[in-house]
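Please brief me on this structure. Cover the nonpolar cores, one helix, the salt bridges and one loop residue.

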Amino acid sequence: MKAWEATVRKTQAAAKKRANTIFGTSYIVETDEDASDQEEELHAPGEVFHAERFLPNGDYYTGYWSDTFPHGQGKYWWTDGCMYVGEWFKGKAMGKGTFSWPSGAMYEGNFKSGFMDGEGIYTGAIGGTYKGSWVMNLKHGFGAKDYPNGDMYEGEWSRGSQEGHGKYTWKIGTTYVGDWKNGKICGHGTMSWPNGNVYEGDWEEGMPKGNGTFRWEDGSSYVGNWSSDPEEQNGTYYPSAAHNEGGNDALEWDPQQVFSEDLKECKICPTEKIPVWPSQKKLSVWRSAKGGAEPSVRHRRMSVDGRIDAGVDKDLGGMRLSDGAAPSAWTSGTRMGDGEESLHAMMSPMPIKLPKIAKRQGETISKGHRNYDLMLNLQLGIRHSVGRPGPPPSLDLKTSTFDPKEKFWTKFPPEGSKITPPHNSCEFKWKDYCPKVFRTLRMLFKVDPADYMLSICGNDALRELSSPGKSGSFFYLTNDDRYMIKTMKKAEVKVLLRMLSAYYNHVRSFENTLVTKYFGLHCVRLNGQKVRFIIMGNLFCTEYLIHKRYDLKGSTFGRLTDKPESEIDSNTTLKDLDLNFIFRLQKTWYQEFRRQVDKDCEFLEQERIMDYSLLVGIHFTEASTSTGERSITPSSRTLIEHGDSESDSILRLSNVEHMLLDPAGWASIRLGINMPARVERTLRTNEAELQLIGELTGEYYDVVLFFGIIDILQDYDITKKLEHAYKSIQYDPNSISAVDPKQYARRFRDYMLKAFAEDI
């Protein structure tokens, strides 16, 4: 035992000596036990004091400290050579600071929650500097980059790549000014060469693509459609006056020279890869030489803002998560509003119960099911429509393709025909509405035709949801959950066909639109009856378990789930007055959310659409996977220990933080899809039962969010106008769902910008 203690002391002494060398100080290394005890003074919980810490794994810290982590100005040196000098907030780099790598690379600027976030300067190990805006370790916003090879870029960035408008200057003198996307020249822009030649026009994937003009210094020009494929290239050459006098030699010029010669040296310099991000650096947990933790602190659970909870399991007494009133356990002994205590001070963190996990949604449509023949008809029709050969779709569609009369009937006899296969169902007719439009939409939404057919028409049967929706429509899910099929009324089909052109232009213009994605509109005529249906994307197609789902409109009348608690499970769709969370999105995502909600509401208002809603699915990342009672506490980072050695104690990051550590993980995240976020719990008072947004509690939970705007085919027709007039007599007109599209859009937008907020 004494030999082991001697080894530990030698290790600590060596770490201290190494740290002194790194930070340019000269200490006399004390290994005397009395000196160690003298350093470890008792401190009150939350007290900030200056400390020097030789951490068990060899890391070293000097600066201000509070409880078990750095808090204030300080230096942290990791044994791998990385070092952070700057401001800390409860264990995370927060504020201004400098992070340096052993390779010689350095970042100096703002930090937030351990991430490079804000204005900052990064200098690479092999040279090259970026100065500009950062968001969560990634270049995002406006910034200027000097590359090691002499190239320069100044302009807009998004998630680590050039995106938006920017200027790139190559070392050889060539410049490009124009649009960028995903780090490549894409959109409209102008490239100028040192010899005076200029190309101005459209670009795609770093190459001229589409309409453009190439001008020579002498005034000659070539105007036409550009493509790297010579067969698609066509245009007209216009010689200058000097060339007209000297002959037509330039007419022999091949436009492909631009691709093979002029652009040969115009390659975009790749961004230096950073092996480890500041947010990936784990902090070792301080243990005193006496074998315990900091005297005033218990190492249990720490929330993302540094608070340590009591670790006591409390019971909600069967309270529903969606209950609007504050439970008595939170207000016992204190009447709300007494004294000067705020609501936050009166409440203590309590775990919340999640609804029980429901079985997989839907009943499999097997042989003998009442809709078995309809499913076979649908699958045969889809296979025929999607598999039918045709020219590759173009994004530039003619007006005639959107004509409601653009529909085609196909007969499917049981014995088959020249264009249809034999089948085991009775004879039916199949109708395709605007097939070219929906084929192009599938391409726009990056849906592979083979995968699409496999999902809907494969060997696995569809699943029918147990009950029809409020409109009386039936819903079917594909076995892989990727697509949802909804039966439609004739009036809904007319609305969609009427707005199809505007819908297409909207989803083409806004890649992050939240409106429902439609992939096909069809009709089956079977035994004299017509069944119309739409195929759309399933918002909740994910490997994450959706613990809670909400349908939000921003109205209050009838917007409370009428199911008893015992019947609520993970498949239950709750409503506005059931919601007791604020959804907090990371800054750039929140800004994008605001912009997109404005654009989508503007589109729906122009098309006279109302009664739509935002469908939200929540996956709580810290939810227990046990089959017993399921409850979660406010988001936390947990102390874990590897083996039996205290020297290996570290703080484990939350699941959301892990998800964001690798910038490559951002590829799977889109607005409304797979979005790491936090929710803040809210409370409604008994006196405000119809309050849409309750009081904030300061309790946060790490989540992954899925959301999108659904039910966008309800026109404000005479039926809805009469409903509005009737209900307005009995209820507050602002509380009911049936209002005119302009008022509906304004109310929906205002509510969403209250239910969603920027993360703090």
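The points below go topic by topic.

This is a predicted model: local features need pLDDT of at least 70, side-chain atom pairs count only at pLDDT 80 or more, and totals for chains, interfaces and linings use all residues. Residues are numbered from 1 along each chain as its sequence is written, and side-chain values use heavy atoms, with hydrogens and water left out. Helices (H or I, at least four residues) and strands (E, at least two) are DSSP runs, numbered from the N terminus. Buried means under 20% relative accessible area, exposed over 50%, and partly exposed in between (1.4 Å probe, protein chains only). Contact means heavy atoms within 4.5 Å.

**Nonpolar cores**

- A nonpolar core is a set of buried Ala, Val, Leu, Ile, Met, Phe, Trp, Tyr and Cys residues joined through side-chain atoms within 4.5 Å.
- The largest core holds 101 residues, and the members touching the most others are Tyr503, Tyr612, Leu705, Phe707 and Phe756.
- Helix H10 (residues 490-509) supplies the largest share of this core, with nine residues.
- Beyond its neighbours within four places in sequence, Phe707 contacts ten residues' worth of partners listed here in full: Leu514, Leu539, Phe593, Leu614, Leu615, Val616, Leu671, Gly672, Met675 and Phe756.
- A second, separate core has 46 residues, among them Tyr122, Tyr130, Tyr153 and Ile274.
- In soluble globular proteins, nonpolar side chains tend to be buried together.

**Helix H14**

- H14 covers residues 741-755, which is 15 residues.
- The expected span of a helix is 1.5 Å times one less than its number of residues.
- For H14 that gives 21 Å, and the end C-alpha atoms are 21 Å apart, so the two agree.
- Its buried residues are Pro741, Gln743, Tyr744, Ala745, Arg747, Phe748, Arg749, Tyr751, Met752 and Ala755.
- These buried residues pack against helix H11 (587-606) and five strands by name: E28 (548-552), E30 (581-585), E31 (613-620), E36 (695-710) and E37 (756-758).

**Salt bridges**

- A salt bridge is a side-chain nitrogen of Lys or Arg within 4 Å of a carboxyl oxygen of Asp or Glu.
- The count comes to 17 salt bridges.
- Arg215 and Glu200 pair at 3.8 Å, N to O.
- Arg215 sits in strand E15 (residues 207-215) and Glu200 in strand E14 (residues 198-204), 15 residues apart.
- Arg215 is partly exposed at 40% relative accessibility, and Glu200 is partly exposed at 35%.
- Arg370 and Glu464 pair with their closest N and O atoms 2.8 Å apart.
- Arg370 lies in the loop between strand E20 (363-364) and H7, and Glu464 in strand E23 (residues 463-464), so the pair ties together parts 94 residues apart in sequence.
- Arg370 is exposed at 60% relative accessible area, whereas Glu464 is buried at 2%.
- Lys486 and Glu492 pair at 3.6 Å, N to O.
- Lys486 is buried at 9%, and Glu492 is buried at 13%.
- Arg360, Arg463 and Asp481 are joined into one network by salt bridges that share partners.

**Loop residue Pro393**

- Pro393 lies in the loop between helix H7 (372-387) and strand E21 (407-412).
- Pro393 is partly exposed, at 29% relative accessibility.
- Leaving out residues up to four places away in sequence, Pro393 touches Arg439, Thr440 and Met443.
- Pro393 and Arg442 are 49 residues apart in sequence, with their C-alpha atoms 9.7 Å apart in space.
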